[in-house]
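Student: Could you teach me how to read a protein model, one feature at a time?
Tutor: Gladly! Let's put it in front of us and begin with a helix.

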Amino acid sequence: MSLIEIIMPKMGESIMEATILKWNKNVGDTIKMDETLLEIATDKVDSEVPCTAEGTVSEILFKENDVVAVGTVIAKITSSGVAASENKPSVEAQPQTQHAVNQPVSPNTIITSAPIPVSSTPSTSSQSKFYSPLVLNIASSEGISMSELEQIPGTGNEGRVTKKDIKNYIANKKSGPQTQHIAHTTTPLETPKETTHSASTASPSIESNTANSYTGQNVEIVEMDRMRKLIADHMVRSKATSPHVTSFTEADVTNIVLWRNKIKNAFEKKYQEKITFTPIFIEAIIKAMKKFPMINASVEGNQIIVKKDFNIGMAAALPSGNLIVPVIKNADTKNLFGLTKEVNLLANNARTNKLKPDDTQGGTFTLTNVGTFGSLMGTPIINQPQVAILAVGAIKKRPMVLETEHGDVIAIRHMMYLSLSYDHRIVDGSLGAGFLTEVANALEAFDDKRDI
């Protein structure tokens, strides 16, 4: 007989923790190799965790709704054999993953996927202390800077600040005498490293607007689900991180519409895939990105990281009505059929809750189709850490003035608005507008005699 430790697996390159949604087995239950032991949720997708040993569940170390760091032992299996993977913590896990956030997650708690970068000039204490993502998130929501957080005494392992510690500190702070906000020289948790703000200007929390702000009785209070909390938190963080600017243009996509209408039946018969406008839009985006490589980038401190891979994220609807962004990896290496197949697969997996954690990782640029919902245009929020996101609106027939060799004429054309939101820290108006115009030009130059 041997005792096998089951660890929290690493579900993606940037995933450092996960929430336990459900244990499929209880203590004393027998389990087979690769049988689902529990279901977990990251800030990207929900996943099932298979057991890496066969035997009897002897111990479960965490409860449902606990947030657990990658590499942490979560259960023990009594087995007569040897586990296939030896169940040792992943070497990819960061040093801090030995700490698990053991506190249950309250309905109003927002879970983040990884610790947030802090002061640009960290002190010795900040380098030696580990703060869980939950504690960092609470500190950010309450406008507590890193220097203030370091002064809070911790009651956790090795003096670590726990959820209870920071909650008690906040409660005592609010109940104490009112003092004037003092600007800190260290950077607040949610702002770029080179920017200095006061505690009173920290990014807002989604908890700040509650039903108590409305005094009427004819209301229905709907609790946010986990995914909606995550989306709300990510949107607030993105706006606090990147100064957003949005540029607009329009494109005559008549050639694309007529070509698709002409070939869609033959395309489906030949490839067993339905062709939509999305892969055509992605083709145009890739062409423009190759001419404007700074759009395919991210920001880390004072460095601009220009990506050589073209990983295009596309917003897709989940059964709950929320949106998720699966990623087409190396989209520039795929032809129209390859893009169509990938788009359809990811969209279908999103609708059926079958996306894997890796499906949402590594995006370098995002496309969102607000026209799907009938909108003419939108002002999308950047999907961090990317620096731009493109929204395409509904395609509408409109009378347009066309220039011909015989003079100007009015014709009915299929028109579509495009809007690009970009991070003004590194993408200025010239670059943003130039890229957007290039996308529109690529769409208008589409060859309506193209073979399938």
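**Reading the model step by step**

Tutor: We can start with helix α4, residues 163–175: its 13 residues reach 18 Å from the first C-alpha to the last, close to the 18 Å expected at 1.5 Å a residue. Keep in mind that this is a predicted model.

Student: Which residues of α4 are buried?

Tutor: They are Lys163, Asp165, Ile166 and Ile170. Seen down the axis of α4, these buried residues fall within an arc of 165 degrees, so they line one face of the helix.

Student: Is there a general idea behind such a face?

Tutor: Yes, an α-helix has 3.6 residues a turn, so residues three or four places apart point the same way. In α4, the face turned away from the buried side carries the exposed residues Lys164, Asn172 and Ser175.

Student: How many helices and strands does the chain have?

Tutor: There are 9 helices and 20 strands. The chain has 452 residues, and 46% of them count as buried. Among contacts with a separation of 6 or more, 66% are between residues 24 or more positions apart.

Student: Can I see one pair like that?

Tutor: Try Asp66, which sits in strand β7, residues 66–69. Asp66 and Ile20 are 46 residues apart in sequence, yet their C-alpha atoms are 5.7 Å apart in space. Asp66 counts as buried because its relative accessibility is 2%, and buried means under 20%.

Student: Let me practise on another helix. What span should α5 have at 1.5 Å a residue?

Tutor: Helix α5, residues 226–241, has 16 residues and should span 22 Å; its end C-alpha atoms are 22 Å apart, which agrees. Its buried residues include Met227, Leu230, Ile231 and Ala232. Lys229, Asp233 and Arg237 are also buried in α5.

Student: And how many residues of α7 are buried?

Tutor: In α7, 11 of the 14 residues are buried, so this helix is largely enclosed by the rest of the structure. Among them are Thr278, Pro279, Phe281, Glu283 and Met289. The length of α7 fits as well: 14 residues should span 20 Å at 1.5 Å a residue, and the end C-alpha atoms are 20 Å apart.

Student: How do people find empty space in a model?

Tutor: Rolling a probe the size of a water molecule over the atoms shows where empty space is left. Here, the second largest pocket holds about 580 Å³ of space. It is lined by 24 residues, and the closest to its centre are Thr278, Ala315, Ala347, Asn369 and Thr372.

Student: Which elements supply at least two residues each to that lining?

Tutor: They are α7 (278–291), β14 (316–317), α8 (336–351) and β17 (365–369). Helix α8 gives the most, with 4 residues. Sorted by class, the lining of this pocket has 14 nonpolar, 8 polar and 2 charged residues.

Student: What should I look for in the backbone?

Tutor: Most residues other than glycine have a negative phi, and most peptide bonds are trans. Now look at the bond from Gln384 to Pro385: it is cis, with omega near 5 degrees. Pro385 is in the loop between β17 and β18, residues 388–392.

Student: Which value does phi take at Gln272?

Tutor: Phi of Gln272 is near 60 degrees, a positive value in a residue other than glycine. Gln272 lies in the loop between α6 (254–271) and α7, and at 60% relative accessibility it counts as exposed.

Student: Where is Asn330 placed?

Tutor: Asn330 is in the loop between β16 (327–328) and α8. Its phi is near 50 degrees, again a positive value in a residue other than glycine. With a relative accessible area of 34%, Asn330 is partly exposed.

Student: One last loop residue, please. Is Phe310 buried or exposed?

Tutor: Phe310 is buried, with a relative accessible area of 11%. It lies in the loop between β12 (303–306) and β13 (312–314). Leaving aside neighbours within four places in sequence, Phe310 is in contact with residues including Met289, Asn296, Ile328 and Thr364. Asn330, which we have just met, is also one of its contacts. Phe310 and Asn296 are 14 residues apart along the chain, and their C-alpha atoms are separated by 7.4 Å.

Note on methods
Residues numbered from 1 in each chain as written. Predicted model: local features only at pLDDT ≥ 70, side-chain atom pairs only at ≥ 80, totals over all residues. Heavy atoms only, no water. 1 Å grid on protein atoms, 1.4 Å probe; cavity = no way out; pocket = protein on both sides within 12 Å on 5 of 7 lines; lining within 4 Å. Points joined across faces, edges and corners; volume = space filled by probe spheres on them. Nonpolar A, V, L, I, M, F, W, Y, C, P; charged D, E, K, R; others polar. Expected span 1.5 Å × (residues − 1). Buried < 20%, exposed > 50% of the residue type's maximum accessible area, 1.4 Å probe, protein only. Arc of directions from axis to C-beta. Contact = heavy atoms within 4.5 Å.
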